Amino acid sequence: MTASTELSEKREVLTSLEPLVEKLMQRHLDERRLWMPSEFLPSSEGITDDQEQYLTDLRERARGLPDPVRVSLALNLLTEEGLPHFHRLIAVHLGHGNAWERWNFLWTAEEDRHGCALHDYVRDTRLFNMEAFEKLQYLYLEAGFDPEWHDDPYQLLAYTSLQERATQAAHANTGKLAANYDPVIQRILGHIAADESRHFRFYRDAFCGLLETDSTRAMQSALKVTPRLAMPGHNIAGYDDMADVVHRAGIYGPRDYRKVVQQCLDSWGIADLVPSDAAGREAQDKLMAVPARLDKLASLIERRMRSKSFSFDFINRRVMEFEIEVA
Ligand SMILES: [Fe+2]
Ligand SMILES: [Fe+2]
């Protein structure tokens, strides 16, 4: 089969799933409570003295946030600010003038508040060297993001399922740690994580639709993206170090990603599928083996981890030391 025949067949499957998309979108709308960043960070023209005091107190508390938590917030914020990359990918792979596009608009409007809320927080609390952070954000967007999905919309839906679950965990874990210093950032991150959880349910169930309609190819596509989730910006200077700090601080690391993959496989019901052909059985077996591979990889990374110090321009090059005792 030629690549273009395969693509047009996959597009037909996507079209056939539009009633499901409408249903999932309605469920999403019924379950969400739309919130706005200014609910947490008052900034309107008519700001009251009490609200000004709230912001002063907030800034005072945020001063205590340790540098690893700041790095995690920076990474979470950068990920959110990658929204133009993700919006474009969804638009390119899922087409226009259809239910998928209506979902993309709704999803984008919700996601945009995540970057806004976090950006407002780090600015209002004076948490970063903003000039340095803004440069990083600029580079992140300018670098573009074009993963090698070879015109495969199924990979996009597997990727978004994993990505939503992963960002949910990263936000929630950052919030848990930050709560010891400032409850406001935990509330903001809690609301964002709840959004990510609902987004995850949408993509997860849309992917289940693919598995029901075209299971072998859906599993083959999932297999291409699950072993390693490439983030936009992973090639930008300092990005790996930021991820390393977040891992060493116990916020989010390879073990968490393994958990994300396992949750996706479980909720997609991969183990219970009965593929009708050998290619399907092969993809199923390989998919089921991914968590064990990720475990091994996580162990290897942990074994190789050595003491290391880090510093970043956006926190004024203060040095963070992470000691590892080698047995
Ligand atoms: Fe988000
Ligand atoms: Fe999301």
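Helix α8 is largely enclosed by the rest of the structure, because 22 of its 26 residues are buried. This is a predicted model, so keep that in mind as you turn it on your screen. Helix α8 also supplies E164, one of the residues that hold an iron ion (ligand 2). From there we can visit the two iron ions, a core of nonpolar residues, a one-sided helix and a few single residues worth finding.

**Helix α8**

- Helix α8 covers residues 153–178, and from its first C-alpha to its last it reaches 37 Å, close to the 38 Å expected at 1.5 Å a residue.
- At its N-terminal end, α8 is capped by D152, which places a side-chain oxygen 2.9 Å from the backbone nitrogen of Y154.

**The iron ion (ligand 2)**

- Which residues coordinate the iron ion (ligand 2)? They are E111, E164, E196 and H199, with E164 listed twice through OE atoms and H199 binding through ND1, at 1.8 to 2.7 Å.
- Along the sequence, these donor residues follow the spacing E-x52-E-x31-E-x2-H.
- Two of them link distant parts of the chain: E164 sits in α8 and E196 in helix α9 (residues 183–213), 32 residues apart.
- Both E164 and E196 are buried.

**The iron ion (ligand 1)**

- The iron ion (ligand 1) has its protein donors in E80, E111, H114 and E196, at 2.0 to 2.3 Å, and here E80 is the residue listed twice.
- Its donors are spaced E-x30-E-x2-H-x81-E along the chain.
- E80 lies in helix α4 and E196 in helix α9, so this pair ties together parts that are 116 residues apart in sequence.
- Are these two residues buried or exposed? E80 counts as buried at 6% relative accessibility, and E196 is buried with a relative accessible area of 1%.
- How far apart are the two iron ions? They are 3.8 Å apart, and E111 coordinates both.

**D195, beside E196 in the sequence numbering**

- D195 is found in helix α9, where it is buried with a relative accessible area of 2%.
- Not counting residues up to four places away in sequence, D195 touches W35, R113 and H114.
- A polar contact of 2.6 Å joins the side chains of D195 and R113.
- For a sense of scale, D195 and M242 are 47 residues apart in sequence and 24 Å apart in space, C-alpha to C-alpha.

**The nonpolar core**

- In soluble globular proteins, nonpolar side chains tend to be buried together.
- The largest nonpolar core here has 96 residues, and those touching the most other members are Y121, F128, I188, W268 and F314.
- Helix α9 gives the largest share of this core, with 13 residues.
- Take W268 as a place to zoom in: leaving aside its neighbours within four places in sequence, W268 is in contact with A158, S161, R204, F207, C208, L211 and A222.

**Helix α5, buried on one side**

- Helix α5 (residues 83–94) has twelve residues and reaches 16 Å from its first C-alpha to its last, close to the 16 Å expected.
- Its buried residues are L83, H85, F86, L89, I90, H93 and L94.
- Those buried residues cover an arc of only 160° around the axis, which puts them on the same side of α5.
- A general rule helps here: an α-helix has 3.6 residues a turn, so residues three or four places apart point the same way.
- The cover over the buried residues of α5 includes α1 (3–16), α4 (67–81), α6 (99–124), α7 (130–142), α8 and α9.
- After α5 comes G95, with a positive phi near 80°.

**Other residues to find**

- S72 belongs to helix α4 and is buried, with a relative accessible area of 1%.
- Beyond its neighbours within four places in sequence, S72 is in contact with T174, V246 and I251.
- R126 has a positive phi of about 55° although it is not a glycine.
- You can find R126 in the loop between α6 and α7, and at 52% relative accessibility it counts as exposed.
- N316, also a residue other than glycine, has a positive phi near 55°.
- N316 is in the loop between β1 (308–310) and β2 (320–322), and at 48% relative accessibility it counts as partly exposed.

How values were computed:
Residues are numbered from 1 along each chain as its sequence is written. Chains are lettered from A and ligands numbered from 1 in the order in which they are written. This is a predicted model: local features need pLDDT of at least 70, side-chain atom pairs count only at pLDDT 80 or more; totals for chains, interfaces and linings use all residues. Side-chain values use heavy atoms; hydrogens and water are left out. Donors are N, O and S atoms within 2.8 Å of the metal (3.2 Å for Na, K and Ca); water is not among the atoms, so sites may look incomplete. Helices (H or I, at least four residues) and strands (E, at least two) are DSSP runs, numbered from the N terminus. Buried means under 20% relative accessible area, exposed over 50%, partly exposed in between (1.4 Å probe, protein chains only). The expected span of a helix is 1.5 Å times one less than its number of residues. A polar contact is a pair of N or O atoms within 3.5 Å; within protein, one must be able to donate a hydrogen and the other to accept it, and residues adjacent in sequence count only if both atoms are side-chain atoms. A nonpolar core is a set of buried Ala, Val, Leu, Ile, Met, Phe, Trp, Tyr and Cys residues joined through side-chain atoms within 4.5 Å. Contact means heavy atoms within 4.5 Å. The arc is that of the directions from the helix axis to the C-beta atoms.
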